[in-house]
Amino acid sequence: MNKKIREKIIEYILALCALITVLTTISILYVLISEAFIFFTEVSIIDFFTDTQWTPLFAEKHFGILPLLTGTLLTAAIAIAVAMPIGLTIAIYLNEYAHKNFKYVIKPLLEILAAVPTVVYGFFALTVVTPFLQQYFTGMAGFNSLSAGFVMGIMIIPYISSLSDDAITAVPSHIREGSLALGANRIQTAFRVVIPSAASGIIVSIMLAISRAIGETMIVAIAAGQQPRLTLNPLVPIETITTYIVQVSLGDVAHNSLEYRTIFAAGITLFAFTFLLNNLSFWFNKKFHRKYV
Amino acid sequence: MSNNFYQTKRLKDEVFKYFGLACTFFGLIMLVIFIFGIFKDGFSRISWDFIINYPSRNAEKAGIISALAGTLWVIVITSLVAIPIGIGAAIYLEEFARQSRIGKILEINISNLAGVPSIIYGLLGLEIFGRIMGMGGSILAGSCTLALLILPIIIVATREAVKAVPKSLREASFALGASKWQTIKTTVVPAAASSIITGVIIALSRAIGEAAPLIVVGALAYVPFVPTSATSDFTVLPIQIFNWVSRPQKAFLINASAGIIILLSITFLLNAVAVYLRIKNKIKY
């Protein structure tokens, strides 16, 4: 075969591989939008966002996403409250205090936290963290968002520490040295000079961690319960969007029924949140990334 | 007073140093405590019978053979689908479409896909592979779903690897009369191979631990047989563990611990290999 034609064919095959990623995006949008569209012809979109009950599987049906949404955001908020201070402190410590070699050893170790399968973390939350916390919080239920969120926080520590570390490493040393020369010590330099300089990267890392937390499934499915409830109380069982999708998938819901379509309506809500967060972070990174000479 | 001021300042600095050290090890220590607990509960449960038995209503007789077989099936097919497509897409982006408009669009699209929650991939697989393509809740449908899920990881890792191959190697190949594809095949990919393998291993280890998208696609919680074809119903190890965790009896929690020991061994082994390859291949051109 002509060499030139062969080269072209190979290029097209490779392009086809790349095209599959575009097809994936289109399929995701198609599946979510088409099923959610049918759902919203039967359920008013106003009820969906304002009704405070979510009971599609009961005799008396309510389709208010708010309880699932607050459950999702509550667990994510707890996770971020754990992961942000720890992850950020790690990033500062590794850059401003620790020995350089220490960083190369510890970073792959921290990545292990993100590599552990999430069912394992769920088991941890249910069988270790909840019984432990129950000693201190009387009335804490066996399923609750506090344990699930706490364990999820441990899981996302490396997401925040790693990306924040990259941002802090990118701050040039002459800025640090300027601060030290003025008599500031390392902690002052870190909080008043380095962090503000790396702020855009740090904010991006937190946004991506939030996005990861609200999409997390198995930890909350195991440890946070299956009771959609409009509450900010972290001690009672709740249900997240992801858990609801798992719950329906494990049950016996007929395809093409309204109950079946609820998982796509819930799914598109989740997708909208993560999509917004991810793209906001890309945009933010591009717009506010400080360039140093 | 001024002396006191400097002392407090230095003290704060020292305190923060130890606080930083504590934070660094906090997550890892939690993980160690937890794994220790799991070994204490589950290690004695691991036996040859536990490996080769089918799941059972009787916790003491239950085993993981159908889940292990399912995981093996899923990983093999996921690899067959995701590895060639992922590497092909990455080569296209890096070698053919680097500066182009299409390349930019593909890149943004891939970063977006990397941020899509795994359960959304489950919904995609349920409708596209399961219903429209008629695969149902089979191994094939589950594997294709996981393949799409890990595709962004493989593509990003391969692009980094290919990008790190120096221009001089490519130019030497061109100078010898090789075409673009010949250069990619015989020079670029071999030079990038070990970094690509590292990325692929990390991606597969992620796929082995996934339960949520497979549950949505229709993997079963109770499978009393070993799948014999790709169109068969199936379960995987993480789903088996999830199933045992969801039961109220204490005996099943012990089974879950034993299952977790096996799952974690596989994940840690894969990650250790990846880290080893990464350290070993820090060759600078």
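**Exercise 1. Where does α5(B) bend, and by about how many degrees?**

This is a predicted model, in which local features need pLDDT of at least 70, side-chain atom pairs count only at pLDDT 80 or more, and totals for chains, interfaces and linings use all residues. Residues are numbered from 1 along each chain as its sequence is written, while chains are lettered from A and ligands numbered from 1 in the order in which they are written.

Step 1. Find the helix: α5 of chain B covers residues 118-132. Helices here are DSSP runs (H or I, at least four residues), numbered from the N terminus.

Step 2. Check its span. The 15 residues reach 20 Å from first C-alpha to last, close to the expected 21 Å. That expected span is 1.5 Å times one less than the number of residues.

Step 3. Locate the bend: about 30° at Gly125(B). The angle lies between axes fitted to the seven residues ending there and the seven starting there.

Step 4. Look just past the helix. Gly134(B) takes a positive phi of about 75°.

**Exercise 2. Describe how chain A touches chain B.**

Step 1. Count the residues: 65 from chain A and 65 from chain B are in the contact. Two residues are in contact if their C-beta atoms, placed from the backbone, lie within 7 Å.

Step 2. Find the largest share on the chain A side. Helix α1(A), residues 3-42, gives 18 residues.

**Exercise 3. Into which domains is chain A divided?**

Step 1. Domain 1 is 3-42 and domain 2 is 66-288. The bounds come from an automatic or database domain assignment.

Step 2. Their centres, taken over C-alpha atoms, lie 30 Å apart.

Note on methods: Helices (H or I, at least four residues) and strands (E, at least two) are DSSP runs, numbered from the N terminus.
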